[in-house]
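Okay, hi everyone. I'll put the structure up and walk you through a few parts of it, so have a look while I talk.

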Amino acid sequence: MPKIRNPIHTGLSIIIVGCGKVGSTLIEQLSKEGHDITIIDHNAQKVQEVASQYDIMGLAGNGASYNVQMEAGIENADLIIAVTNSDELNLLCCTVAKQVGNCAAIARVRTPDYSSEAAYLRDRLGLALIINPELEAAREAARILYLPTALEINPFAHGQAELIKFKIPEGNVLSGMSIAYLGKHIAPDILICAIERCGEVHIPSGNFQMEAGDVISFVATRKCSKHFLEDIGFKTRRVKNVMIIGGGKATYYLAVQLIHMGISVKIIERDRQRCEELSTLLPKAVIINGDGTDPELLTEEGIEYMESFIALTGVDEENVLLTLHARQVSNAKVITKINHLAFKGVISRLDLGSVIYPRYITSEAIIAYVRAKKNSMDSNIETLYHMFDHRVEAIEFRIDEDSKVTGSPLMNLSLKENLLVASINRNGSVLIPSGQDSIQVGDSVMIVTTHTGFKDILDILK
């Protein structure tokens, strides 16, 4: 029986195929934002558990089946998102949906062969997005290794500007300094937009005083961010070598980027066949067949001399222990991949360096698209990042039309509390705005706020 759309719902009608890690994250976040969700998965027990937990409709079956999609209500759906473990099944789900319904389609595609053809597949199959979590995780890791002082680096304004997170060490010049003093005397070209202290997140005003131990997020152009970190005493030289534990898809994507950057790569992988594949795919990398969780092997392979160490196994517990071990025996910049979030509270209290969550990278790109699809068309969402365990959102809006926020100095706008207009990208130049600056049609504007769910630039007003 076809699904009848609930008339009370103001959100989109969304079908999600696959309720693994990414599917579950999407269901959790999109249901919070008021969308009408149906989940399809071949595992009936999983479907029942997820459907009961989030009070959504669930169907057990093949998501690429015409009959199953019809039962899920594909004819009235606004969007189908296919995030099963099979690239082929995801692409087939979207192809069937596009033939039957008038909906947008998003597919998760992870295989390197398909990823190199992503633009072609997207255009030929009429997909809204093709998402590759491993490739995006690798890009995030590569950005961090280029500027290893940072805990996180998120690009926006088409890569011209960055949102960078770092921790203030003991004895640093920023300790005891106010935001206003920093902006006036040291770094007028950057904007501190969020600070975490003792578990609490602040959108700081000018009189906020920074302290050692604070985790700071700031916005700047790539050039200015590097100068700022140098000025406050951080090393900004990219790493020369890296040891990666685990030889999966993310490792392959990362190694390709690092070798291109001139960084020496050593990969330790326990599966011999995979080692042979990687040796062929990555002739410039050193591939070691062995158990990366063996401390003796790590010592033999020179962990104590490595400038960076990345735990990319498929087991979170291994990644956490490997990172803690690397912290003890070396001064390497460490990056940890985490897939499951059951112990996120514990993880956040451990010193794991930069932590990468591939499922969040995937869900953020999809949620940005969903919000843009639902908005009122004064503006459109270009990028979306969740910061500080989803307590802060950084959203980049493209301004398409005149509205209540355009043409007036920012100081004259009635903006919501706990919100900053962090940057304006105008004709390819990134501006850190003052109260006298205004938003114009054609700009891309980055907003940082503790409010969640913004879909339109007008949401910044009280």
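Let's go straight to Phe228. With a relative accessible area of 2%, this residue is buried. Its partner is Phe218, which also counts as buried, at 0% relative accessibility. And oh, before I go on: this is a predicted model.

So how do the rings of Phe218 and Phe228 sit? Their centres are 5.0 Å apart and their planes are at 75°, so we call the pair edge-to-face. If you're new to this, a pair of aromatic rings is described by the distance of the centres and the angle of the planes. Phe218 belongs to strand β11, residues 215-221, while Phe228 is in helix α9, and the two are ten residues apart.

There's another pair to look at, Phe166 with Phe234. That one is edge-to-face too, with 5.4 Å centre to centre and 75° between the planes. Here the two residues are 68 residues apart: Phe166 is in strand β8, and Phe234 is in the loop between α9 and β12. Are these two buried or exposed? Phe166 is buried at 1% relative accessible area, and Phe234, at 17%, counts as buried as well. Put those four together, and ring pairs link Phe166, Phe218, Phe228 and Phe234 into a cluster. Over the whole structure, the search finds six aromatic pairs.

Right next to Phe166 in the numbering, there's Lys165. Its charged end sits over the ring of Phe388, 4.6 Å from the ring centre.

Okay, cysteines. How many disulfides does a search of the whole structure find? Zero. Take Cys94: the closest cysteine sulfur is in Cys93, 6.6 Å away, and that's too far for a bond. Cys94 is buried, by the way, at 0% relative accessible area. Cys103 is in no disulfide either, since its nearest cysteine sulfur, the one in Cys94, is 8.1 Å away. Cys103 is buried too, at 3%.

Last stop, the sheet. It's an open one with six strands in the order β3-β2-β1-β4-β5-β6, and the pairing is parallel. The edge strands are β3 and β6, and each of them pairs on one side only. From one strand to the next, the twist averages 15°. Zoom in on β4 and β5, and you'll find four bridges between them, with Leu79 partnered to Ala104 in β5.

Two helices lie across this sheet's strands. Helix α1 crosses β1, β2, β4 and β5, at about 165° to β1. Helix α4 lies across β1, β4 and β5, running at about 175° to β5.

Definitions and conventions:
Residues numbered from 1 in each chain as written. Predicted model: local features only at pLDDT ≥ 70, side-chain atom pairs only at ≥ 80, totals over all residues. Heavy atoms only, no water. Pairing = 2+ DSSP bridges. Axes fitted to C-alpha atoms, helices over the stretch in contact; angles between N-to-C directions. Contact = heavy atoms within 4.5 Å. Disulfide = S-S within 2.5 Å. Buried < 20%, exposed > 50% of the residue type's maximum accessible area, 1.4 Å probe, protein only. Phe/Tyr/Trp six-rings, centres within 6.5 Å; stacked < 30°, edge-to-face > 60°. Lys NZ or Arg CZ within 6 Å of the ring centre and 35° of its normal.
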